[in-house]
Structure formats: C-alpha cells, structure tokens
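Visitor: I would like to learn how to read a structure of this kind, feature by feature. Could we look at it together?

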Amino acid sequence: MSEALLPGQLARAWSADPAIAGPLALAAALYARGTVVLWARAGTAHGLRRRDVLAFAAGWTVLALALLSPLHELSETLFSAHMVQHELLMAVAAPLIVLGRPLVAFLWSMPASWRRRAARAAGSGRPAAAWRALARPSVAWLAYALATWGWHAPRLYDAALASAPIHALQHATFLATALFFWWALLHGARHRYGAAVLYLFATAVHTTALGAILALSARPLYPAYASTAAWGLSPLEDQQLAGLIMWVPACLAYLVAALALMLAWMREGDRRLPRAVAAPASLAALLLVVLLAGCDREPAERSRRELVDGNAERGREIMPAYGCNACHSIPGVRGTDARVGPPLAGIGSRSFIAGVLPNQPDNMIRWIRDPQAVDSLTARPNLGVSARDARDIAGYLYTLR
Ligand code: HEC
C-alpha cells in the first residue's frame, strides 16, 4: 500500500495511469465512431437515440472521474472514499453506460464485413445459446451480489489493498458484474419490468444489510485503513461512514432505478394515462408489483405491439403479396419453409433486428420498408412496402414470440 494521502495533497492527486486511461479513451473513440457511422446510414438519432448517447457520455464521465480523479488516491487511505468510488462504478456509471447501448455503437464502429460477421456470430451457434441461457436477471443478480459481498470479506479486501493486480481485479469484477446486472435488467432478452423491479429491490435489501453490518460493527474490520487521523476520522468512524454510504445513497440509486422502470412500464402499458395520475399511481404500483412480480407477463413485448399500433391480422394476410414467405419461414403464414432469410419465429422477443438494430418499433418499420438504408450490405431487398402495410406487418411480427 502507498503512503497515506494527506489533505494538502488531494488537489494534485490526479492519475493518468495508461492501463485505465487507455481503455477509457478507446471505448469513447469506438462509441463515437459507431454513432457517426450508424447515424450517417440510418439517419440522425436512429438506431441510437440522442438520450442513449447522452447516457453513455454521462456514464463514461463518471467512470473516468471515479478511476482517475483524486478520489482514486484518497480511496487508498479512506475506506469511505473507496466506498464512494465503488458505488460510482456500480450504481451510477454502469447503469448509464448500459443505457447508452454501447454494443450497438461498438458493432457499428467496425468495418462492415466484420460487423456482419460479429452480428451473425452473436446471433447463432453455441456461444450465443450459452449466453442466452446465462443472461437472466436472476443469474446477473446473483453475480452482482456475490461480487459485492465476496470482495467485502476482510481478507479479500485487504489483499486487494495490498496488491495492485488484485485491486485491479477487484475493480474489474465490480464493473463487469455491474454492467452484466444492469444489462440483464434493462436490455436482456428476458427483460421484464416486473422482474427488473423485483431484483432491484432485492439488491437494495442486501446492500442495505451489508452497509448496516459495516456501519454498526463495534470494531474496524479492515486493518489496512489505519492512517485516517489526518482526515479527522478514527478508523472506526471512517468505516461507519462507508457503511452509511452503502446503506443510504447507494440504496437510493437502486430505488430510483426501480421507480424509473415502474414509470416506463406504466407509460408503455397505458399510453392514455394522464401525467397527473401517473406519479401517484406508480407509487401504488410499486407496492403492487412486489406482490405480483411472480405472475408478470412480458409487458415489454406486449407494448412493442401496442406501440406499432398496426392491424396484426391484416399484416399476416398481406405478407405473401410482398413475397416475405419466399425467403422466410413465418409461423401462421402458409406454405413456407424458406431458408433464404432467418426464420421469423420469435422475432417479437429478439433484442436485435438482423443482428444490428435494437428491436424497437420504429427500427422494425424502417427495416421492413428500406433495409438497405439500415445496412447497405444486407441481402434483403427493398420490396416497396407502404408505410401502413409496414406497420401492420410489424404488428403481426410482434405477436411472434
Ligand atoms: C429475397 C429474400 C427476402 C425477402 C423477399 C424478404 N426478406 Fe426479410 N430477410 C432476408 C434476409 C437475407 C435477411 C437477413 C438480413 C441480414 O442479416 O442482413 C432478412 C431479415 C429480415 C428480418 C430480421 C430477422 C432477424 O432475425 O433479425 C426481418 C424482420 C425480415 N427480414 C422481415 C421481412 C418481411 C416482413 C418481408 C416482406 C415484406 C421480408 N423480410 C422479405 C431476405 C428476405
């Protein structure tokens, strides 16, 4: 462990460790390039929305500050500062980065031929199947909980403080499990609002418990944090402060996320709900959902269907006229066992369209009408589908889960 940091040294304790600054700069460059290429192709704010880009920029900034600002140095001296750093990584930067859909941007930052290969590899084969099996909110929740509790075992924590590689491993585990956790909750193929809210609550509960253990312990648990006096704290007070930080503000972050998800759920579930009713109603629903999460039925996919607002039955009937079934097998559309394009069974619950665009209603309609505008290399022809027909077809495709 390095020398204890003194208050007078704080302002100059910025770090430019290339092992951290390098990957951060690379991630920013890839994201920026992907966004520029995608927007040039699909139209500004299509594929990635402006707010996705803002979320990524905000998450990236918080991450960079947590890892390179004086907070990083201070966290070697004060347990409470280390706690702030970890909570910034896990409860602030990670969800913002995930909201920014970095995988879409990274895919589009690649040369076109790589992108298609990567999209294809990600959408098929054994690794993809294994990933789908693994990427459940329950698994992600468990990984996040294990990382949080495991690294706070005093032995492991002290080992991390004593060795730079173990410390780097600790941060990498925190960040990776947090990204996985938030991704599974916010975007995963099995994304369900009810389950996401429930797992956020469960996380708030167990991190509150850990925070309370730290705050209420009668003795310091981490001997490495012994030189806290220059900061006006005894080691025990420092630990109490750290416990409180995990207990209250971090817990609040999970609850705010749960509340935001509730609101999004209600807004998608019932577009006619007036705003004045939505806020109090969502609080009531917050309580309800804890009771009902067990029987939650795929609101995300149901609402995609409602959002396109197409006549699904008509959509099913007109597809043969466009020859969709000459290339695709489509459940419910007769005489099709075609294999030119991918089977469309289950398209309603897939996360991506043709492996590259997030499966959102506006993207689906865009794809049906003009696939080359989205991806100039695609084998899928432009069939001159009218706007109304595209909406009805999308309406039907979203019934296929
Ligand atoms: C000439 C053959 C052909 C026709 C006709 C055709 N498609 Fe496709 N479609 C493809 C191919 C090939 C792909 C895969 C494209 C890719 O990955 O770039 C595809 C991809 C798709 C996808 C994305 C599937 C996924 O798994 O993400 C959808 C949705 C789709 N087509 C819908 C339609 C609809 C609706 C019609 C009729 C209006 C239609 N297609 C007509 C060849 C065709």
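Visitor: Let us begin with Arg 316: what is its relative accessibility, and how does it count?

Guide: This is a predicted model, so every value here is computed from predicted coordinates. At 28% relative accessibility, Arg 316 counts as partly exposed, because the partly exposed class runs between under 20% for buried and over 50% for exposed. Glu 313, at 40%, is likewise counted as partly exposed.

Visitor: With which residue does Glu 313 form a salt bridge?

Guide: The general idea is that side chains of opposite charge can pair when their charged atoms come close. In this structure Glu 313 forms a salt bridge with Arg 316, and the closest N and O atoms are 2.8 Å apart. Both residues belong to helix α15, which covers residues 312-322, and they sit three residues apart, about one turn of the helix.

Visitor: How many salt bridges does a search of the whole structure find?

Guide: The search finds five. One of them joins the side chains of Asp 52 and Arg 49, with an N to O distance of 3.1 Å. The two partners can be read by their accessibility: Asp 52 is counted as buried at 3%, whereas Arg 49 is partly exposed, with a relative accessible area of 28%.

Visitor: Which residue meets Asp 392 in a salt bridge?

Guide: The side chain of Arg 388 does, at 3.8 Å from N to O, which is within the 4 Å that the definition of a salt bridge allows. Asp 392 and Arg 388 both lie in helix α19 (residues 387-397), where they are four residues apart, about one turn of the helix. Asp 392 counts as buried at 3% relative accessibility, while Arg 388, at 47%, counts as partly exposed. Salt bridges with shared partners join Arg 314, Arg 388, Asp 389 and Asp 392 into one network.

Visitor: Let us turn to empty space: how many cavities of 30 Å³ or more are there?

Guide: The general idea is that rolling a probe the size of a water molecule over the atoms shows where empty space is left. In this structure the count comes to two cavities of 30 Å³ or more. The largest cavity holds about 50 Å³ of space, and its lining is made by His 86, Glu 87, Met 90, Tyr 144, Thr 148, His 152, Phe 174, Thr 207, Met 246 and Tyr 254. The elements that give two or more residues to this lining are α4 (79-99), α8 (137-152) and α12 (235-269). By residue class, the lining of the largest cavity divides into five nonpolar, four polar and one charged.

Visitor: Which element gives the most to the lining of the second largest cavity?

Guide: That element is α12, with three residues. The second largest cavity has a volume of about 40 Å³, and it is lined by Phe 79, Pro 220, Tyr 222, Tyr 225, Pro 235, Asp 238 and Gln 239. Its lining residues divide into five nonpolar, one polar and one charged.

Visitor: Which residues come nearest to the ligand?

Guide: Of the 24 residues around the ligand, Cys 324, Cys 327, His 328, Arg 350 and Ala 354 come nearest. For polar groups, one reads the distances between atoms: a polar side-chain atom of His 328 lies 2.8 Å from a nitrogen atom of the ligand, and a polar side-chain atom of Trp 367 lies 3.5 Å from a nitrogen atom of the ligand. At least two residues of the shell are supplied by each of α16 (324-327), β1 (352-353) and α17 (361-369). The shell around the ligand divides into 17 nonpolar, four polar and three charged residues.

Visitor: Finally, where does Ala 45 lie, and what is its phi?

Guide: Ala 45 is in the loop between α1 (18-42) and α2, and its phi is positive, about 70°, although the residue is not a glycine. Ala 45 is partly exposed, with a relative accessible area of 22%. Arg 101 also has a positive phi without being a glycine, in this case about 50°. Arg 101 lies in the loop between α4 and α5 (102-108), and it counts as buried at 16% relative accessibility.

Terms used: Residues numbered from 1 in each chain as written. Predicted model: local features only at pLDDT ≥ 70, side-chain atom pairs only at ≥ 80, totals over all residues. Heavy atoms only, no water. Buried < 20%, exposed > 50% of the residue type's maximum accessible area, 1.4 Å probe, protein only. 1 Å grid on protein atoms, 1.4 Å probe; cavity = no way out; pocket = protein on both sides within 12 Å on 5 of 7 lines; lining within 4 Å. Points joined across faces, edges and corners; volume = space filled by probe spheres on them. Nonpolar A, V, L, I, M, F, W, Y, C, P; charged D, E, K, R; others polar. Near = heavy atom within 4 Å. Polar contact = N/O pair within 3.5 Å; in protein donor to acceptor, adjacent residues only side chain to side chain.
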